[in-house]
Amino acid sequence: GREGGKGGGREGEQGEFVRLQAELAALNGAIGKAESGQLSGQLSADQVQGIKNAVSVAWADVHRLGEEKAEAAERFERAQREAEGEARAMEAMESSLFGVAADLGRLALVYRAQGRPAEAVPLFVSAIAMYEHTLGPTHPQVAKDLANLGNALCDLSRHAEAEPLYRRALEIDRAALGEQHPEVAMDLSNLGISKRAQGRLAEA
């Protein structure tokens, strides 16, 4: 429906130009005949002037339509430039966000290595949210920090909270990397450790 409307607009504009051009050709021909005395009955000076006035009006219509077409093209180009600028700004923002997420993740790993898992947890949570926004929720980097967050929670003996994180990391890595990938094996190991810590040895 929308595409048809646009096409109809272009056809209408072309039809207007064709109509005006035909009128101009006919009027110019009439003026030439009138001024050379070829029209039967001989047109009066007022009639010839009327034809000339009609030609002037038609030319004004052609000029107006040309200006409107040029203005529309300029508006389109301006909108296109603005859209491209917004896209570049969004790309720069997402690149910056990705860098912040990476920094947060590295700092969280340092905190965990220093025996400060409680301080690492919120940093991993923030990094995961940023990666989900910039890379998408099924990217392997999301899975990596889900596992890191799970590890920090396990350091705090919050194994039940870590388990769904390990499960989600496993789902992402299986889909993105394949069953035989080392990350998938690590996810399975993490999940098993979490279950054993909860006393579910048969499931581990």
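# Exercises on a six-helix model

The buried residues of H3 are Pro117, Ala120, Val121, Leu123, Phe124, Ala127, Ile128, Met130, Tyr131 and Thr134. Keep that list handy for the exercises below. The model is a predicted one.

**Exercise 1. Work out which elements make up the protein, in what order, and what share of the residues is buried.**

Start by counting elements: the protein has 6 helices and 0 strands. Next, read them off from the N terminus, and you get α-α-α-α-α-α. Now turn to burial: 28% of the 204 residues count as buried. For the outside, about 12800 Å² is exposed, and carbon and sulfur atoms supply 55% of that. Finally, look at how far along the chain the contacts reach. Among contacts with a separation of 6 or more, 55% are between residues 24 or more positions apart.

**Exercise 2. Check whether the length of H3 agrees or disagrees with its residue count, then look at what comes just after this helix.**

H3 has 19 residues, and at 1.5 Å a residue these should span 27 Å. In the model the end C-alpha atoms of H3 are 25 Å apart, which agrees. Then step past the end of the helix: just after H3, Gly136 takes a positive phi of about 105°.

Now go back to the opening list. An α-helix has 3.6 residues a turn, so residues three or four places apart point the same way. With that in mind, trace Pro117, Ala120, Phe124, Ala127 and Tyr131, which are among the buried residues of H3.

**Exercise 3. Find the largest nonpolar core and say which helix gives the most to it.**

As background, nonpolar side chains tend to be buried together in soluble globular proteins. Here the largest nonpolar core has 28 residues. Those with the most contacts inside this core are Phe124, Tyr131, Val142, Leu146, Leu149 and Leu153. Two or more residues each come from H2 (45-113), H3 (117-135), H4 (140-155), H5 (159-177) and H6 (182-197). The top contributor is H3, with 8 residues.

Pick one core residue and list its partners. Leaving out residues up to four places away in sequence, Val142 touches Ile128, Tyr131, Glu132, Gly136, Pro137, Arg168 and Ile172.

**Exercise 4. Track down the aromatic pair and decide how its rings are arranged.**

The count comes to 1 aromatic pair. Its members are Phe98 and Tyr131, with 5.5 Å centre to centre and 65° between the planes. Planes over 60 degrees apart count as edge-to-face, and that is how this pair is classed. Phe98 sits in H2 and Tyr131 in H3, so the pair ties together parts 33 residues apart in sequence.

How do the two partners compare for burial? Phe98 is partly exposed, with a relative accessible area of 36%. Tyr131 counts as buried, at 4% relative accessibility.

**Exercise 5. Locate Gly150 and Glu163, decide whether each is buried or exposed, and list what each one contacts.**

Take Gly150 to begin with. Its place is in H4, and at 0% relative accessibility Gly150 counts as buried. Setting aside neighbours within four places in sequence, Gly150 is in contact with Ala162, Leu165 and Tyr166. Check one of these by distance: the C-alpha atoms of Gly150 and Leu165 are separated by 5.9 Å, though the two residues are 15 apart along the chain.

Next comes Glu163, found in H5. At 8% relative accessibility, Glu163 counts as buried, because the cut-off is under 20%. With neighbours within four places set aside, Glu163 contacts Leu191, Ser194, Lys195, Gln198 and Arg200.

**Exercise 6. Examine two loop residues, Arg116 and Ser157, and say where each one lies.**

Arg116 lies in the loop between H2 and H3. Arg116 is partly exposed, with a relative accessible area of 31%. Now follow its side chain: Arg116 makes a polar contact of 2.6 Å with the side chain of Gln114. A polar contact of 2.8 Å joins the side chains of Arg116 and Glu119. For a reach across the sequence, measure from Arg116 to Leu156: 40 residues apart in sequence, but 9.5 Å apart in space, C-alpha to C-alpha.

Ser157 is in the loop between H4 and H5. At 57% relative accessibility, Ser157 counts as exposed. Last step, the backbone: Ser157 has a positive phi of about 60° although it is not a glycine.

Terms used. Residues numbered from 1 in each chain as written. Predicted model: local features only at pLDDT ≥ 70, side-chain atom pairs only at ≥ 80, totals over all residues. Heavy atoms only, no water. Core = buried A, V, L, I, M, F, W, Y, C linked by side-chain atoms within 4.5 Å. Buried < 20%, exposed > 50% of the residue type's maximum accessible area, 1.4 Å probe, protein only. Helix = DSSP H or I, 4+ residues; strand = E, 2+ residues; numbered from the N terminus. Contact = heavy atoms within 4.5 Å. Polar contact = N/O pair within 3.5 Å; in protein donor to acceptor, adjacent residues only side chain to side chain. Expected span 1.5 Å × (residues − 1). Phe/Tyr/Trp six-rings, centres within 6.5 Å; stacked < 30°, edge-to-face > 60°. Areas by Shrake-Rupley, 256 points an atom, 1.4 Å probe, with all protein chains shown as cover.
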